[in-house]
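Trainee: Please take me through one part of this protein in detail: what is packed away inside it. I would like to follow it residue by residue.

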Amino acid sequence: MWTSALPHLALGLAALSGTTLAASYDDIPAIEAYGQHFFYSNNGSQFFLKGVAYQENYSPNGTSNNNASTQYTDPLSDASKCSRDIPYMKELFTNVIRVYAIDPTQDHDDCLEQLASADIYVIADLSEPGTSIDSNDPEWTVALYTRYTAVVDALAKYNNVIGFFAGNEVISSQNQTAAAAFVKAAVRDTKSYIKSMSYRSSMGVGYATADVPSRDELAHYFACTPGDDNTTSIDFWGYNVYSWCGDSNYETSSYGDRVEFFSDYPVPVFFAEYGCIEGVTGGATHRPFTEVAVLYGNMTSVFSGGIVYEWFYSDNEYGLVAINDNTVSPYPDFTSLKSQLAKVTPSSTQSSAYTPSNTAPACPTVGGTTWAAAPSPLPPVVNPSLCSCEVSALTCNVVSDDTDSYAAIFDYICGVSEDYCDGIAHNATTGTYGALSGCNAKDQLAWVANQYYEAQSDKASACDFSGLASTQSPTTASTCEALISAAGTNGQGTVVSPTGQQGTAAASSTSDGAAMSMMSTPAFFDFGKVLFVGYVITALVSGAGMLML
């Protein structure tokens with residue numbers, strides 16, 4: 001490890017303070033996706049990502065991590081850290097950073113100004129630990145929508161924000177492909193929100209995949225447009241790839257296969273993470289980065305560069321620098337990366353000379369064990385007002401916050417009649433969804449409890465469930481009437497998208513603290529009515545004794 005003398009502090013740490021730069025993020029040209037490439041909006045020259053993953057004390061591998069105790073540090077809220085690190089980033093010719101979790105309640109002006117002054121752009125993941133789409137029990141919910149739109153609200157004003165990832169490695173095995181439908185719903189609703197708020201249209205929404213067996217189907221699924229509906233398709237595709245280890249080559253790393261596969265892809269593709277540490281001579285901090293010459297050489301007709309994983313050295317042994325007593329100490333692979341990037345001159349084109357010709361791929365077909373997400377319909381649009389409106393209009397409501405007890409009630413009611421639970425269904429394989437499938441578990445349980453209660457001729461004893469529920473006087477505000485009508489009495493209707501700002505007002509800080517817990521409905525709802533039969537016997541034998549009906 002060595003400490004750079006930084007002989008060219010042309011950036012000037014003093015000049016990097018927010019008070020000096022006068023909102024330079026307003027002036028930096030936006031980056032636009034056009035066909036298969038990125039371009040500068042001001043002059044149409046092609047943009048290649050030369051990036052680094054920038055998130056301290058955080059492991060992003062798979063957004064199925066919903067551990068409510070996980071903490072993270074917002075990398076864009078501490079101006080002093082940005083001032084410390086940006087000059088070193090520029091030694092690496094960095095023009096983009098990827099951040100995995102920001103706190104939308106914090107002020108990001110200073111760091112974004114510093115980055116813009118250094119011609120550095122940002123791609124931000126929308127999730128956070130504790131608030132992300134679960135790989136094994138996926139849902140697209142009000143809590144997720146609120147979090148995602150809050151991040152959009154927080155970063156929309158900065159011209160140097162290229163866009164967002166709606167998911168990172170959510171699907172990592174063959175039995176998780178159903179989760180793709182919920183991520184694609186997140187893409188759809190985030191794109192719709194950006195448009196409804198009249199935010200900058202060049203801000204895109206994409207997905208970052210691991211190098212997994214289903215990667216080809218995933219790439220097709222997120223780019224396909226059933227019925228020519230491009231409102232659901234991604235704007236760019238991130239590929240986390242670690243197949244080039246040490247002094248590998250184009251063939252052994254399968255880079256050539258990836259170029260061939262994506263040669264006709266309709267949106268920009270780039271390495272959202274790269275930089276293998278396996279089998280590297282000298283150890284993890286001695287990565288030679290020989291793949292750089294290829295990535296920015298004969299791959300540039302298809303790939304738009306990449307983002308090295310990662311800036312901060314951590315327990316996983318990835319990291320270009322160590323931070324000790326607020327001092328940056330680069331590792332040997334920092335020097336290797338710098339040397340490799342200094343030699344590349346990507347072949348580029350002007351947007352004016354480029355006419356996109358690639359079209360959306362066909363959607364993968366549901367079947368067997370390889371793909372389980374129907375392309376259409378997707379999970380319904382999340383409208384936060386629907387859930388509160390419906391709960392207020394119920395006669396039987398859940399009054400307990402004891403979420404550990406909810407599963408048994410779900411089991412019982414849905415076992416008695418699956419029709420009671422149609423309004424909360426979320427089956428990605430059949431494309432069967434209820435209008436309330438995006439509500440939280442308490443609101444969903446209240447809905448099904450009320451369905452059961454009404455079917456029992458409104459007997460008071462049918463709304464108790466060992467004290468978890470009780471009757472109330474239903475109320476319906478005038479603003480709720482249209483939503484409730486659209487959802488339907490069985491909860492299988494279609495509800496419109498919400499209007500106005502959704503994320504900022506409801507956002508709460510989860511950085512450097514406990515993330516919000518997300519209790520979801522039992523996983524068996526993902527697979528349709530057939531599995532409810534298995535719950536009937538249990539419910540009838542033990543449920544009546546346990547539940548005070």
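Mentor: Start with the word buried: it means under 20% relative accessible area, with exposed over 50% and partly exposed in between (1.4 Å probe, protein chains only). By that rule, 56% of the protein's 549 residues are buried. The model is predicted, so to speak a calculation throughout: local features need pLDDT of at least 70, side-chain atom pairs count only at pLDDT 80 or more, and totals for chains, interfaces and linings use all residues. Residues are numbered from 1 along each chain as its sequence is written, and side-chain values use heavy atoms, leaving out hydrogens and water.

The secondary structure comes to 14 helices and 17 strands (DSSP runs numbered from the N terminus, H or I of at least four residues for helices, E of at least two for strands). Take the contacts (heavy atoms within 4.5 Å) between residues at least 6 apart in sequence: 81% of them join residues at least 24 apart.

The largest nonpolar core holds 158 residues (a set of buried Ala, Val, Leu, Ile, Met, Phe, Trp, Tyr and Cys joined through side-chain atoms within 4.5 Å). The members that touch the most others are Ile97, Trp140, Phe164, Trp237, Phe303, Trp311 and Leu320. The helix that gives the most to this core is α5, residues 179-196, with ten residues.

Two of those members are worth following. Trp311 sits in the loop between β11 and β12 (321-324). Its relative accessibility is 0%, so Trp311 counts as buried. Its partners come from several places in the sequence. Leaving out residues up to four places away, Trp311 touches Val52, Ala53, Tyr54, Asp85, Tyr88, Met89, Leu92, Gly319, Leu320, Val321 and Phe334. With Val52 the separation is 259 residues in sequence but 6.2 Å in space, C-alpha to C-alpha. The loop has another feature: Tyr309 and Glu310 are joined by a cis peptide bond, with omega about 0 degrees. Glu310, like Trp311, lies in the loop between β11 and β12.

The other member is Phe303. Not counting neighbours within four places in sequence, Phe303 is in contact with Phe48, Tyr239, Arg258, Val259, Phe262, Val269, Phe270, Phe271 and Leu295. Among these, Arg258, Val259 and Phe262 are also buried residues of helix α7, which leads to that helix. Helix α7 covers residues 255-262, and six of its eight residues are buried, so the rest of the structure largely encloses this helix. The buried ones are Tyr255, Gly256, Arg258, Val259, Phe261 and Phe262. They pack against α6 (215-223), β9 (236-240), β10 (269-274), α8 (291-295) and β11 (303-308).

Between β10 and α8 there is a loop that holds Phe289. Phe289 is not a glycine, yet its phi is positive, at about 55 degrees. With a relative accessible area of 1%, Phe289 is buried. Asn326, in the loop between β12 and β13 (327-330), also has a positive phi, about 65 degrees, without being a glycine. Asn326, however, is partly exposed, its relative accessible area being 49%.

Now for the way helices pack. Helix α2 (residues 79-91) and helix α3 (residues 109-117) pack at about 20 degrees, their axes 8 Å apart (axes are lines fitted to C-alpha atoms over the stretch in contact, and angles run from 0 to 180 degrees between N-to-C directions). On the α2 side the contact uses Ala79, Cys82, Ser83 and Ile86, and on the α3 side Asp110, Cys111, Gln114 and Leu115. By class, this contact has five nonpolar, two polar and one charged residues (Ala, Val, Leu, Ile, Met, Phe, Trp, Tyr, Cys and Pro are nonpolar, Asp, Glu, Lys and Arg charged, the others, Gly among them, polar).

Helix α11 (residues 406-416) and helix α12 (residues 441-455) pack at about 35 degrees, with axes 10 Å apart. From α11 come Tyr406, Ile409, Phe410, Tyr412, Ile413 and Val416; from α12 come Ala441, Lys442, Gln444, Leu445, Val448, Ala449 and Tyr452. That contact has eleven nonpolar, one polar and one charged residues.

One last backbone detail: a cis peptide bond joins Ser376 and Pro377, with omega about -5 degrees. Pro377 is in the loop between α9 (332-342) and α10 (384-392).
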